[in-house]
Amino acid sequence: AAEEETAIIAEPVGEEAFHALAQFFDYDRGVPLDARIVGKKKTELYVREKIVFSGTDGERVPGYLVIPVQGSGPYPIVLLLHGFTDSKEGWWKDDSYGKGGLVSKGLLEKGFSVLTLDARKHGERLWRNDFESPWKMIEEGRWVDYRDLLIDTVIDYRRALDYLSRRSDIDISRVGVLGYSSGGT
């Protein structure tokens with residue numbers, strides 16, 4: 001006899017549990033952002049600024065802030081979160097795992113700005129993992145390291161929102177989030 005599949009329906013956690021979990025994502029807003037634009041690329045569709053800012057632990061966080069050329073700001077923004085072992089670069093390649101280039105261009109054509117960062121221990125930040133693939137932490141069963149990677153990346157995106165709130169060309173009241181794989185987590 002075929003086994004029956006049972007749907008698991010997750011119930012929202014209560015208020016007390018929510019506040020306990022939310023504490024993992026708290027950070028010191030007093031740590032200076034020290035944000036800078038370190039590069040700029042212009043195409044017919046967008047202006048892409050390479051930005052860096054300080055994470056709460058002082059680590060420099062690299063990313064791309066991309067503003068559509070057409071239309072006028074302030075622009076709504078979509079935060080793009082890449083998958084495990086990928087990087088911010090994947091959002092600019094049409095043939096990447098998540099077809100990131102197609103997604104980014106589609107959003108820009110519709111008048112959205114986009115921001116993508118390298119997750120902790122990914123892309124330009126791979127040095128934090130001694131330049132070994134993040135898969136090594138999974139292979140070795142280092143689940144606390146993986147959990148911390150996800151939490152720290154969320155905090156980095158929250159810091160990015162702090163930076164974006166200081167820019168007159170971004171409408172911080174209209175923020176979307178799109179991610180795949182670990183970025184969807």
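1. E49 and R167 form a salt bridge, with their closest N and O atoms 2.7 Å apart. A salt bridge here is a side-chain nitrogen of Lys or Arg within 4 Å of a carboxyl oxygen of Asp or Glu. The pair links distant parts of the chain, 118 residues apart. E49 sits in strand β2, and R167 in the loop between α4 and β6 (170–179). E49 counts as buried, at 7% relative accessibility. R167 counts as buried too, at 14%. Buried means under 20% relative accessible area, exposed over 50%, and partly exposed in between (1.4 Å probe, protein chains only).

2. A word on the basis of this note. This is a predicted model, in which local features need pLDDT of at least 70 and side-chain atom pairs count only at pLDDT 80 or more, while totals for chains, interfaces and linings use all residues. Residues are numbered from 1 along each chain as its sequence is written, and side-chain values use heavy atoms, with hydrogens and water left out.

3. Now the overall layout. The protein chain has 4 helices and 6 strands. From the N terminus, the elements run α-β-β-β-β-α-β-α-α-β. Helices (H or I, at least four residues) and strands (E, at least two) are DSSP runs, numbered from the N terminus. The C-alpha atoms fill a box of roughly 60 × 45 × 40 Å along the principal axes. Of the 185 residues in the chain, 40% are buried. Take the contacts between residues at least 6 apart in sequence: 67% of them join residues at least 24 apart. Contact means heavy atoms within 4.5 Å.

4. Which elements supply at least two residues each to the largest nonpolar core? They are β2 (46–54), β3 (60–68), β4 (75–81), β5 (113–117) and α4 (143–164). This core has 17 residues. Those with the most contacts inside it are F53, L65, I77, L79, L115, L117 and L164. A nonpolar core is a set of buried Ala, Val, Leu, Ile, Met, Phe, Trp, Tyr and Cys residues joined through side-chain atoms within 4.5 Å. Another core lies apart from it, with 11 residues, among them V66, W91, L108 and Y180.

5. L115 is a good residue to inspect in the viewer. Neighbours within four places in sequence are set aside here. L115 then touches I51, Y64, L65, I77, V78, L79, L80, Y157, A160 and L164.

6. Helix α4 has 22 residues. From first C-alpha to last, α4 reaches 32 Å, close to the 32 Å expected at 1.5 Å a residue. The expected span is 1.5 Å times one less than the number of residues. The buried residues of α4 include Y146, L149, I151, Y157, A160 and L164. Charged residues are also on that list, including D156, R159 and D162.

7. Back to charge pairs. The count comes to 22 salt bridges. R120 and D57 form one of them, at 2.9 Å from N to O. R120 lies in the loop between β5 and α3 and D57 in the loop between β2 and β3, so the pair ties together parts that are 63 residues apart in sequence. R120 is buried, at 4% relative accessibility, whereas D57 is partly exposed, at 43%. Both also belong to a network of salt bridges that links D57, E59, R120, R125, D152 and D156.

8. E132 and K136 make another salt bridge, with the closest N and O atoms 3.1 Å apart. E132 is partly exposed, at 33% relative accessibility. K136 is partly exposed as well, at 28%.

9. Some backbone details deserve a check. Most residues other than glycine have a negative phi, and most peptide bonds are trans. The bond joining G73 and P74 is cis, with omega about 5 degrees. P74 lies in the loop between β3 and β4. D34 has a positive phi, near 45 degrees. D34 is in the loop between α1 and β1 (36–42) and is partly exposed, at 47%. K121 has a positive phi too, near 60 degrees. K121 is in the loop between β5 and α3 (135–139). Is K121 buried or exposed? At 15% relative accessibility, K121 counts as buried.

10. Last, the surface. V13, F18, L21 and F24 make a nonpolar patch of about 390 Å². Patches are made of residues with over 30% relative accessible area and no salt bridge, with like charges joined within 9 Å and nonpolar side chains (Val, Leu, Ile, Met, Phe, Trp, Tyr) within 5 Å. Accessible areas come from the Shrake-Rupley method with a 1.4 Å probe; for residues, only the protein chains shown count as cover. V13 is in the segment before α1 (15–22) and is partly exposed, at 46%.
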